[in-house]
Amino acid sequence: MTPVRPRRVLLAGAAGNFVEWYEFGVYGCFATVLADLFFTPAPGVGAAGAGPLLATYASFAVAFFLRPAGALLFGRLGDRIGRRPTLILVVGLMTLATTLIGLLPTRATAGAVAPWLLTLLRALQGLSAGGEFGGAVALMTEHAPPGRRGRHGAWQSFTVALGLLAGAGTAALLAALLSPQALTAWGWRVPFLLALPLGATALTLRRALPPQPPPPHPPAPTPAADYASGVAGDSAPADAGAPSAESVAPPRAACACDAVPGATTGPAAVSGAGPEPAGPPGAAPGAGPESGRAPGVTPLSVPVRAGSGFGGAPATVTAGGTGTGPGPVRGGEGGAVPGSGAGGAPAPALGGGSGDASGRGGRGGAVPACGTGPGGGPGAAPGPGPSGGADTVRGVLLGVGRVMGWSAAGYTFLVVLPSYLQATLGASLREALAATALANLGFAASILPAGILSDRVGRRPVMLGGALAVTLLALPLLHLLQDPAAPAPVKAAAVCGAGATVGLLAGPGPAMLAEMFPAHVRCTGLGVAHALANAVFSGCAGLVITALTAATGNDDVPAYYAAGACALSALALAGLRGGGHRRALR
């Protein structure tokens with residue numbers, strides 16, 4: 001693989017995400033203008049009312065719900081042909097769709113086809129945006145220096161805040177410089193057309209990356225104990241430091257004999273039942289008739305943790321020969337190196353099971369056994385490995401659970417808040433926009449520190465702290481905003497703090513998702529998990545909050561929505577392994 005400077009990768013990965021969320025912010029700010037230009041019927045055709053604005057937001061939502069499809073489509077491409085070509089394609093499609101929106105004829109010019117064209121381009125944006133997250137996060141985290149995956153992954157979330165602020169700032173600047181007539185006539189097109197040079201810059205940065213080979217696919221199904229550690233089963237405690245040789249499997253299916261030069265068959269015998277008979281003169285120690293080792297081969301002995309051999313002596317796995325000694329020998333528990341037997345002594349078990357004379361290793365181990373059975377056929381691999389597809393689906397569902405609070409709280413505090421303040425609390429437009437700006441500033445300010453902190457203390461404490469903070473503080477925050485007697489500076493600090501709690505989830509989130517999946521399904525797995533969580537818990541947030549508030553008359557619904565999602569997310573985050581941030585990506 002061609003070495004690439006991490007900063008170069010960071011810029012190339014973050015640039016496309018900035019373009020995506022810049023357009024997201026622009027479209028939201030010009031929703032009322034687009035409603036008048038594209039979705040308002042011609043005079044005499046029918047009543048307008050709130051229909052045009054609803055249709056505009058429906059077109060807005062289309063992009064959200066097509067993101068999972070885009071994550072699956074482009075994620076598979078990224079896992080098969082490589083990150084670089086897929087990300088080039090994604091940013092090209094995104095730039096094309098956004099630029100074409102700025103060139104679209106309005107309903108007054110093109111008639112009823114205009115809103116359909118806008119919706120079609122929004123759908124194309126949704127597909128490309130779905131592929132952007134998985135590919136960019138995989139690229140940035142895979143090339144991050146040791147101990148900096150959280151920092152590099154946090155840049156993906158940081159560019160979300162930068163893109164939203166840039167889109168809102170561009171819209172505000174145009175609104176301040178242009179008259180309402182000029183803004184409606186042509187000014188709204190400018191921020192969409194600006195996506196062309198922005199996208200071209202991102203495209204140039206990505207094309208400048210050296211070609212990288214696609215991630216290797218494993219030659220055999222991944223054993224359950226290793227694969228599940230990154231997805232459904234990564235709640236197991238981890239050492240504070242680097243993993244030991246006894247607990248981590250080699251990167252490919254291997255047997256103990258691979259480490260011993262000159263070994264003829266490579267199965268392992270188990271010692272600990274007493275001394276072996278002496279071999280022929282000049283032979284290696286222990287190469288007697290009972291050992292089955294070839295003369296001249298030095299055995300490799302690896303202690304087995306918490307194991308016991310024959311008669312209670314500590315069991316040792318010895319690589320380099322076939323087990324043909326008399327009688328059954330019990331393997332130790334928790335061993336990391338497999339053995340195999342050939343018609344005599346059984347192989348030691350992996351992960352606490354026991355082998356048998358056929359050369360089959362025990363279940364639950366990290367490395368498959370090798371060897372020959374009584375009839376000379378190959379020994380069976382240890383324990384049936386799980387289906388890769390099933391494990392990926394399980395990892396995606398777990399990933400959705402871990403980021404659903406991030407999606408729900410982020411959209412509630414950063415997007416839904418202004419309309420809620422105006423419609424429910426009677427705030428002015430200026431006050432609502434100021435509150436939104438403060439929330440986004442708090443969000444942006446906490447993302448990178450949260451990612452850096454997660455590299456030191458782990459993803460679990462930082463993200464779990466953010467989820468619990470939203471769960472406990474969402475309702476008091478809303479009550480503070482509802483209190484007319486509360487001082488304005490206190491309200492401003494509270495809104496800024498609400499954005500900062502979302503940053504605690506968004507900073508370590510990308511790296512956490514990347515660490516859940518092996519390289520050959522990383523783009524697909526983390527992209528689909530993030531896109532599904534956003535489609536369900538962000539795309540539906542406005543609809544759910546508005547409908548429940550209207551149906552119940554309860555003004556606290558936004559707080560219940562964000563707190564409930566974060567409480568469920570905290571349960572999923574509690575299963576994160578403590579030292580996963582120190583382990584190399586699989």
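Which residues does Trp406 touch, not counting residues up to four places away in sequence? The legends below address this question and others for a predicted model.

**Figure 1. Surroundings of Trp406 in helix 13 of the predicted model.** Trp406 lies in helix 13, which spans residues 388-423. Beyond residues up to four places away in sequence, Trp406 touches Phe133, Ser157, Val502, Leu505, Ala506, Gly509, Pro510 and His530. The relative accessible area of Trp406 is 10%, and the residue is therefore buried. Phe537 is 131 residues away from Trp406 in sequence, yet the two C-alpha atoms are 9.0 Å apart in space.

**Figure 2. Gln156 and its contacts in helix 8.** Gln156 belongs to helix 8, residues 149-177. With a relative accessible area of 3%, Gln156 is buried. When neighbours within four places in sequence are left aside, Gln156 is in contact with Asn17, Phe133, Val137, Met140 and Pro510. Phe133 and Pro510 are also among the residues that Trp406 touches.

**Figure 3. Helix 4 and its buried face.** Helix 4 comprises 15 residues, 67-81, and its first and last C-alpha atoms are 20 Å apart, close to the 21 Å expected at 1.5 Å a residue. Its buried residues are Arg67, Pro68, Gly70, Ala71, Phe74, Gly75, Gly78 and Asp79. Viewed down the axis of helix 4, these buried residues fall within an arc of 145 degrees, so they line one face of the helix. In general, an α-helix has 3.6 residues a turn, so residues three or four places apart point the same way. Gly82 follows helix 4 and has a positive phi, near 115 degrees.

**Figure 4. Ala531 of helix 18 and its contacts with Arg67, Pro68 and Ala71.** Ala531 is located in helix 18, residues 522-538. Its relative accessibility of 4% means that Ala531 counts as buried. Not counting residues up to four places away in sequence, Ala531 touches Arg67, Pro68 and Ala71, which are among the buried residues of helix 4. Ala531 and Gly134 are separated by 397 residues in sequence, whereas their C-alpha atoms are 9.0 Å apart in space.

**Figure 5. Packing of helix 15 with helix 20.** The axes of helix 15 (residues 459-482) and helix 20 (residues 557-573) come within 8 Å and cross at roughly 160 degrees. The two helices are therefore roughly antiparallel to each other. The crossing of helix 15 past helix 20 is left-handed. On the helix 15 side, the residues that meet helix 20 include Arg460, Met463, Leu464, Ala467 and Leu478. Among their counterparts in helix 20 are Pro558, Tyr560, Cys566, Ala570 and Leu573.

**Figure 6. Packing of helix 5 with helix 11.** Helix 5 (residues 83-103) and helix 11 (residues 195-207) pack at an angle of about 170 degrees, and their axes are 9 Å apart. Helix 5 is thus roughly antiparallel to helix 11. Arg84, Leu87, Ile88, Val91, Gly92, Thr95, Thr98 and Thr99 of helix 5 meet Ala195, Leu196, Gly199, Ala202, Leu203, Arg206 and Arg207 of helix 11.

**Figure 7. Helix 2 within the chain.** Of the 9 residues of helix 2 (residues 31-39), 7 are buried, so the helix is largely enclosed by the rest of the structure. The buried residues are Ala31, Val33, Leu34, Ala35, Leu37, Phe38 and Phe39. In the chain, 50% of the 586 residues count as buried, and the secondary structure comes to 20 helices and 3 strands.

Key
Residues numbered from 1 in each chain as written. Predicted model: local features only at pLDDT ≥ 70, side-chain atom pairs only at ≥ 80, totals over all residues. Heavy atoms only, no water. Helix = DSSP H or I, 4+ residues; strand = E, 2+ residues; numbered from the N terminus. Expected span 1.5 Å × (residues − 1). Buried < 20%, exposed > 50% of the residue type's maximum accessible area, 1.4 Å probe, protein only. Arc of directions from axis to C-beta. Axes fitted to C-alpha atoms, helices over the stretch in contact; angles between N-to-C directions. Parallel < 35°, antiparallel > 145°, perpendicular 65-115°, else oblique. Left-handed = near helix turned anticlockwise from the far one by under 90°. Contact = heavy atoms within 4.5 Å.
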